[in-house]
Amino acid sequence: MNLVFLGPPGAGKGTIANKAKEILSIPHISTGDLFRSAIKNETELGKKVKTILASGELVPDSVTIDMVIERFMESDTQKGCILDGFPRTIFQADELSKIRKIDHVINFELDTSSVVKRLSGRRVCKSTGKTYHTIYNPPKIEGIDDETGEPLIQREDDKEEAILNRLKVYEEQTAPLIAYYEKLGLLRNIDASVAPELVLQELLSLLSK
Ligand code: AP5
């Protein structure tokens with residue numbers, strides 16, 4: 001089964017994908033995570049996209065599509081995957097349709113003020129990528145990762161100016177995908193404003209229908 005997780009930044013796509021991948025036994029492919037890992041490892045790709053990610057702009061389609069195609073060559077994706085953050089433009093969606101049959105597009109619905117609260121409170125562990133929230137999902141010790149004991153950081157693009165730009169970019173370039181997938185009969189809306197356990201429950205019940 002191939003799923004696309006669509007929705008504004010901070011809607012909880014990564015949080016739910018991390019839980020759903022175990023239950024569905026398919027890998028979670030987050031283009032944002034792939035870019036962040038390239039930046040951390042200082043690869044050529046990482047150097048190319050570092051400032052783009054920090055500003056909240058989108059990485060050019062060709063670079064993103066090539067990276068996803070490369071990921072699809074790995075054997076764990078053959079039974080399907082959860083695509084989180086891809087596609088993000090109509091061009092990417094058209095290209096994706098040539099290489100994968102998508103079963104469902106899950107649209108995480110969340111209002112803008114909740115998006116801003118979730119993103120500004122998000123903290124991550126740099127080495128494992130584990131995500132927390134200062135209010136909704138705090139670590140056991142403030143500012144410290146539960147598993148590694150490392151200090152948590154705030155993502156560059158979770159600072160106020162970048163959040164506002166990401167929302168603008170989302171509205172202009174990604175939100176049109178809602179109508180695109182609705183027309184194809186693939187869109188499934190879920191209420192992302194409730195607790196993660198309830199969002200997951202809604203997702204699983206929708207997939208079982
Ligand atoms: P990416 O990493 O994909 O960022 P995003 O889509 O903006 O998504 P986020 O990771 O910010 O949010 P999320 O929905 O996963 O929320 P999360 O679960 O973390 O992309 C980053 C950048 O990479 C882009 O800006 C772009 O530059 C580039 N890029 C990536 N893909 C690209 C593409 N296809 N084309 C071009 N460029 C691309 O949750 C957020 C917070 O809320 C957390 O703190 C969490 O604990 C909390 N939370 C989650 N769920 C709940 C809940 N139900 N209740 C309360 N709190 C919750």
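**Close-up views of a predicted model**

**Figure 1. Polar contacts between the ligand and the protein.** In this predicted model, a nitrogen atom of the ligand sits 2.7 Å from an N or O atom in the side chain of Thr 31. The backbone takes part at Gly 10, where an N or O atom lies 2.9 Å from an oxygen atom of the ligand. For Arg 122 look to the side chain instead: one of its N or O atoms is 2.6 Å from a ligand oxygen. How much of the ligand does the protein bury? Taken alone the ligand exposes 1000 Å², and the protein buries 95% of that. Four elements give two or more residues to the shell around the ligand: helix 1 (13–24), helix 2, helix 6 (112–120) and strand 6 (131–133).

**Figure 2. The shell of residues around the ligand.** Step back from the single contacts and you will find 34 residues surrounding the ligand. The closest of them are Thr 15, Glu 57, Arg 88, Arg 122 and Arg 166. Which element gives the most to this shell? The answer is helix 2, with 4 residues. By class, the shell holds 14 nonpolar, 11 polar and 9 charged residues.

**Figure 3. The second largest pocket.** About 160 Å³ of space lies in this pocket. Its lining is made by Leu 34, Ser 37, Ala 38, Leu 45, Met 67, Glu 70, Arg 71 and Glu 74. Two helices, helix 2 (31–40) and helix 4 (61–72), each supply at least two of the lining residues. Sorted by class, the lining has 4 nonpolar residues, 1 polar residue and 3 charged ones. Helix 2 may look familiar from the previous view, as it also gives 4 residues to the shell around the ligand.

**Figure 4. Gln 92 and its two polar partners.** Gln 92 has its place in helix 5 (residues 90–99). Is Gln 92 buried or exposed? With a relative accessible area of 2%, Gln 92 is buried, because buried means under 20%. The side chain of Gln 92 makes a polar contact with the side chain of Asp 61 at 2.9 Å. The Gln 92 side chain also reaches the backbone nitrogen of Arg 88, at 2.8 Å. Arg 88 is also one of the closest residues to the ligand.

**Figure 5. The cis peptide bond at Pro 87.** Phe 86 and Pro 87 are joined by a cis peptide bond, with omega at about 0°. Most peptide bonds are trans. You can find Pro 87 in the loop between strand 3 (81–84) and helix 5.

**Figure 6. Two loop residues with positive phi.** Most residues other than glycine have a negative phi. Ser 25 is not a glycine, yet its phi is positive, at about 55°. This serine belongs to the loop between helix 1 and strand 2 (28–30). At 56% relative accessible area, Ser 25 is exposed, because exposed means over 50%. Glu 42 also has a positive phi, near 55°. Its place is the loop between helix 2 and helix 3 (44–55). Glu 42 is exposed too, with a relative accessible area of 60%.

**Figure 7. Asn 2 in the first strand.** Asn 2 is found in strand 1 (residues 2–6). With 10% relative accessible area, Asn 2 is buried. Where does its side chain make a polar contact? The partner is the side chain of Arg 100, at 3.1 Å.

**Figure 8. Tyr 180, Gly 143 and Arg 188.** Tyr 180 has its place in helix 8 (residues 176–183). Why does Tyr 180 count as buried? Its relative accessibility is 19%, and buried means under 20%. Between the C-alpha atoms of Tyr 180 and Ala 11 there are 20 Å, with the two residues 169 apart along the chain.

Gly 143 lies in the loop between strand 6 and helix 7 (160–174). This glycine is partly exposed, at 33% relative accessibility. Its C-alpha atom is 8.0 Å from that of Arg 123, and the pair is 20 residues apart along the chain.

Arg 188 belongs to strand 7 (residues 187–191). Arg 188 counts as partly exposed, with 25% relative accessibility. From C-alpha to C-alpha, Arg 188 and Asp 66 are 27 Å apart, and 122 residues separate them in sequence.

Key
Residues are numbered from 1 along each chain as its sequence is written. This is a predicted model: local features need pLDDT of at least 70, side-chain atom pairs count only at pLDDT 80 or more; totals for chains, interfaces and linings use all residues. Side-chain values use heavy atoms; hydrogens and water are left out. On a 1 Å grid over the protein atoms alone, a cavity is a set of points where a 1.4 Å probe fits but cannot get out, and a pocket is an open set with protein on both sides within 12 Å along at least five of seven lines; lining residues have an atom within 4 Å of a point. Grid points are joined across faces, edges and corners, and a volume is the space filled by probe spheres set on the points. Ala, Val, Leu, Ile, Met, Phe, Trp, Tyr, Cys and Pro count as nonpolar, Asp, Glu, Lys and Arg as charged, and the others, Gly among them, as polar. A residue is near a molecule or strand if one of its heavy atoms lies within 4 Å of it. A polar contact is a pair of N or O atoms within 3.5 Å; within protein, one must be able to donate a hydrogen and the other to accept it, and residues adjacent in sequence count only if both atoms are side-chain atoms. Accessible areas come from the Shrake-Rupley method with a 1.4 Å probe; for residues, only the protein chains shown count as cover. Buried means under 20% relative accessible area, exposed over 50%, partly exposed in between (1.4 Å probe, protein chains only).
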